[in-house]
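The exercises below ask you to read features from a structure and then to check your reading against a worked solution. Please have the sequence and the structure open while you work through them.

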Amino acid sequence: MGLNGTLLAIDAGNSKTDVAVLAPDGSVLGAARGGGFQPPVVGVDAAFDTVAEIVERAWAAAGAGPGAEAGAHAGAGAGAGAGTGTAGLPPAFVHVAACLANADLPVEEVALKAALEARGWSRSVQVHNDTFAILRAGIDEPRGVAVVCGAGINCVGMLPDGRTARFPAIGKISGDWGGGGGMADEALWFAARAEDGRGEPTALARTLPGHFGLPTMYALIEALHLGRIPHERRHELTPVLFRTSAEGDAVAQALVDRLADEVVALASVALGRLGLLDEAAPVMLGGSVLAARHPRLDARIAERLAVKAPKAVLGVVTAPPVLGAGLLALDAVGASGAAAARLRDHYAS
């Protein structure tokens, strides 16, 4: 089938998983998408069962000849359980690079790597936190720092010699502040106190309940508490916060400014750990909140980072994270720059 020497790239986030089967020259032979990777919810084995089904579809697409990849993308919305297990998937990959959500601590990476090795897909396996996929997707060589702000917030850095910088990024107990979920909670806190008189006035007391068609914060608090508005819908309030900030509300603006300062703190500490504070190193921003390019947030990040790391080069990652996982796979086997360029071209088209 012309699949000798293939590599496997996995980007498994909480909400979706992308898989690509690659040739050593950077060509994408097959790809597939499926459900999210959530070991804390379903257990490690079940989480990898979901990944295995997607890998099998990507493998089948790679072996089906011309047009297979288009078919894989056409079925990208299929979730876990759509396939038939892994009976048709031999241990054929030269290397597997897996960038996984919930691999927040090195000890978790070790455990997830052991579980992935047990699948028998390759004798060579690397597991990374999924933030590394976003970083590698945004840089031309494995050197730089990425700050990702989506549902949560995280930062990682890497050097070509394999050294990395990272944070636990598991919530308040590890010192985190920000992320879409955290920003929504902060907005609710200030809005509730504004309405009942404990805090300073803010338009958030009107705009947050208004998003759900409710007249007051009390009504929104009640709806959230009683489950009439599902907990997962709180993330919808983060764009409302940014719109309220853009309209000039001082409390909302202060929250946006604090997020910018947190991004700069993460980036500058990571740069310092890698010895890059005084070098022209890339600092890549990713995730739904940072990729939205909010003017006030962007301007403050640029201003504050210029003080902490004057030579840092800011960028925004818009490429799919599976590109980063693929580039990490190519790095691991010493692939050429032309192979990396070919893979980038594929995901740019």
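**Exercise 1. Decide how far strand β3 is covered, and describe how β3 pairs with strand β2.**

Solution. Begin with burial, where buried means under 20% relative accessible area, exposed means over 50% and partly exposed lies in between, with a 1.4 Å probe and protein chains only. Six of the eight residues of β3 (residues 28-35) are buried, and the strand is thus mostly covered. Helices (H or I, at least four residues) and strands (E, at least two) are DSSP runs, numbered from the N terminus. Next, look at the pairing, for which DSSP must find at least two bridges between two strands: β2 (residues 16-22) and β3 run antiparallel and are joined by seven bridges. One pair to locate is Val19 with its bridge partner in β3, Ala32. Finally, follow the chain from one strand to the other: β2 and β3 form a hairpin with five residues between them, and Gly26 in the turn has a positive phi of about 90 degrees.

The model is a predicted one, in which local features need pLDDT of at least 70 and side-chain atom pairs count only at pLDDT 80 or more, while totals for chains, interfaces and linings use all residues. Residues are numbered from 1 along each chain as its sequence is written, and side-chain values use heavy atoms, with hydrogens and water left out.

**Exercise 2. Work out why strand β9 counts as largely enclosed, and find the strands that pair with β9.**

Solution. Recall that in a regular strand the side chains alternate between the two faces of the sheet. Now take each side of β9 in turn: Pro282, Met284 and Gly286 on one side are buried, and so are Val283 and Leu285 on the other, which leaves both faces covered. Because five of the five residues of β9 (residues 282-286) are buried, the strand is largely enclosed by the rest of the structure. For the partners, strand β6 (residues 144-149) pairs with β9 in the parallel sense over four bridges, and Val148 stands opposite Gly286. Strand β10 (residues 313-316) also pairs with β9 in the parallel sense, over four bridges, and here Leu285 stands opposite Val316.

**Exercise 3. Classify the ring pair of Trp59 and Phe93, and say which parts of the chain the pair ties together.**

Solution. Rings of Phe, Tyr and Trp (its six-membered ring) pair if their centres lie within 6.5 Å, and planes under 30 degrees apart count as stacked, over 60 as edge-to-face and the rest as tilted. By this rule there are three aromatic pairs. In one of them the centres of Trp59 and Phe93 are 5.2 Å apart and the planes are at 80 degrees, so the pair is edge-to-face. Trp59 belongs to helix α2 (residues 44-63) and Phe93 to the loop between α3 (68-74) and β4 (95-100), so the pair ties together parts that are 34 residues apart in sequence. Both Trp59 and Phe93 are buried.

**Exercise 4. Describe the largest pocket by its volume and its lining.**

Solution. On a 1 Å grid over the protein atoms alone, a pocket is an open set of points where a 1.4 Å probe fits, with protein on both sides within 12 Å along at least five of seven lines, and lining residues have an atom within 4 Å of a point. The volume, which is the space filled by probe spheres set on the points, with grid points joined across faces, edges and corners, is about 1,700 Å³ for the largest pocket. Its lining has 50 residues, of which Asn14, Gly150, Ala151, Gly152 and Ile153 lie nearest the centre. Among the elements that give two or more residues to this lining are α5 (131-138) and β7 (153-158), while α6 gives the most, with five residues.

**Exercise 5. Compare Ala169 and Arg293 in backbone, place and exposure.**

Solution. Neither is a glycine, yet Ala169 has a positive phi of about 55 degrees and Arg293 has one of about 60 degrees. Ala169 lies in the loop between β8 and α6, and Arg293 in the loop between α11 and α12 (295-308). Ala169 is buried, with a relative accessible area of 16%, whereas Arg293, at 47%, counts as partly exposed.
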